[in-house]
Number of protein chains: 2
Amino acid sequence: MPQTPAPRKTPGRPPRISRDEIIGTALRILDEGGVDRLTMRRLAAEIGSTPMALYHHVRNKDELLVLLLDDYATRTLRRPELPAQPRERVIVAAEAIHEVLAACPWIVTVLTADDLLSKTALWFVEQIVDGFVDCGLTLDQAVHGYRAIWYYTAGEIMVRTAATRRRAEDDRPIHRESVFADLDPDEVPRLAQVADRWEALTAQDTYSDGLRALVDGLATR
Amino acid sequence: MPQTPAPRKTPGRPPRISRDEIIGTALRILDEGGVDRLTMRRLAAEIGSTPMALYHHVRNKDELLVLLLDDYATRTLRRPELPAQPRERVIVAAEAIHEVLAACPWIVTVLTADDLLSKTALWFVEQIVDGFVDCGLTLDQAVHGYRAIWYYTAGEIMVRTAATRRRAEDDRPIHRESVFADLDPDEVPRLAQVADRWEALTAQDTYSDGLRALVDGLATR
DNA sequence: ACCTGAACACCGTTCAAGT
DNA sequence: ACCTGAACACCGTTCAAGT
């Protein structure tokens, strides 16, 4: 949990804004208007201060984003009941992480910043690694297994978020549409066959299906 | 392949810059200095023109990026020999896409923009979908299988690129390090066990391993 | 110690005018 | 048809000064 750095005993001027206020306001802006709206200047204005006051509580914008993700994860990640079967344990832990991340699209920018979101997420990583070990993998294989799940999960969220955002914008002629418009049935028969259903098919939520397949494949060694 | 829009017969002023020149220069900037260096203004300066001249050949920066990816894919994607076994065919096609994308880190920004990179990539998607169908999946399942591979592949590249970029910057105290510094062995015993090897383990290239696991899991239905 | 003002060095994009 | 200049509406961050 983030807290103001050094709580000294009134050495100088009393602070007018706190790290918590910054984080709180930033989260509100994020929820209201999306990632693009969160700028240091707007944040300062919303707080009723100047851009530079922020830099006294936060090193820079990147640190602010990590702090935000950390705070969000701590508040919303709830440890689920874990099934006894190790393979199911891996799946439940991964789904819990996915669920929380998928719910806040602004996360995407920070997602790639690090593979470990926050201290709160460690417990979930532990369950995944431990579940794989119980499946009979070596510790190294288990870590690689976790990485594979992380790639898949992060990729799903990033691609899906981008797709949703694109749909929200009014720009009509999506690149994909123009590509799909004139498929050569001789060159790519399967794609030609599903062309008109592609959008609907890819809009379906198949995260759990893919996750199960991945975990099955990883556990069967 | 991108080409200048309308080659009319000298209706007005002759063009001083072409779409191809824009793309060529943009690719050079990308190779030299990374994504951050590619701005409309810098591009124009490099060409020896003004920012606004670009907008005459390209709708906006997003379109430019899609054009760049398209051009890059067309030049570098080479169709590989496909094995007879369908499952191997899926893997070979996916690895071909992954190899090309992994080689150019600037791609990341555009990656999420659409799941279909360019016309050139369609053949590879076809092989993956068709391979899954030959494995006994329905067409719908095959498309979902392709999507799972795409999530995994895009995620791997994005996370890995971000990690590499982070390593390049001199900023020392990476978030992960501070999180790993004081792991509680009672809370997260497995992670505590691998803590000092985590960096080395996650630096390993395990894309193909994970891909094989995923494809195995998807094909076994 | 904490905050402010002014400034630096940038962005993408639009508009009106030039050739 | 194609290009230019000037401007709009922004960015993140630093520096020097104020209280």
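I began with A:Tyr55: one of its polar side-chain atoms lies 2.7 Å from a phosphate oxygen of DNA strand D. For polar contacts I take pairs of N or O atoms within 3.5 Å; within protein, one must be able to donate a hydrogen and the other to accept it, and residues adjacent in sequence count only if both atoms are side-chain atoms.

The model is predicted, and local features need pLDDT of at least 70, side-chain atom pairs pLDDT 80 or more, while totals for chains, interfaces and linings use all residues. Residues are numbered from 1 along each chain as its sequence is written, chains are lettered from A and ligands numbered from 1 in the order written, and side-chain values use heavy atoms, without hydrogens and water.

**Strand D**

I looked up two backbone contacts next. A polar backbone atom of A:Met40 is 3.1 Å from a phosphate oxygen of strand D. For B:Arg16, a backbone N or O atom lies 2.3 Å from a phosphate oxygen of this strand. Two or more residues of the surface near strand D come from each of α2 (40-47) of chain A and α3 of chain B. Helices are DSSP runs of H or I with at least four residues, strands are E runs of at least two, and both are numbered from the N terminus. α2(A) gives the most, three residues.

I then listed the surroundings. Strand D has 23 residues around it, and the closest are A:Arg13, A:Arg41, A:Met52, A:Tyr55 and B:Arg16. Sugar and phosphate make up 52% of the strand D atoms within 4 Å of the protein. I call a residue near a strand if one of its heavy atoms lies within 4 Å of it.

**Strand C**

I repeated the search here. Strand C is also surrounded by 23 residues, with A:Arg16, B:Arg13, B:Arg41, B:Met52 and B:Tyr55 the closest. Its phosphate oxygens gave me three distances. One is 3.0 Å from a polar backbone atom of A:Ile17. For B:Thr39, a side-chain N or O atom is 3.2 Å from a phosphate oxygen. For B:Met40, a backbone N or O atom lies 3.1 Å from one. α2(B) provides the largest share of the surface near strand C, three residues.

**Cysteines**

I searched the whole structure for disulfides (cysteine sulfur atoms within 2.5 Å). I found zero over all chains. A:Cys104 is buried at 4% relative accessible area, and B:Cys104 is buried at 4%. Buried means under 20%, exposed over 50%, partly exposed in between (1.4 Å probe, protein chains only).
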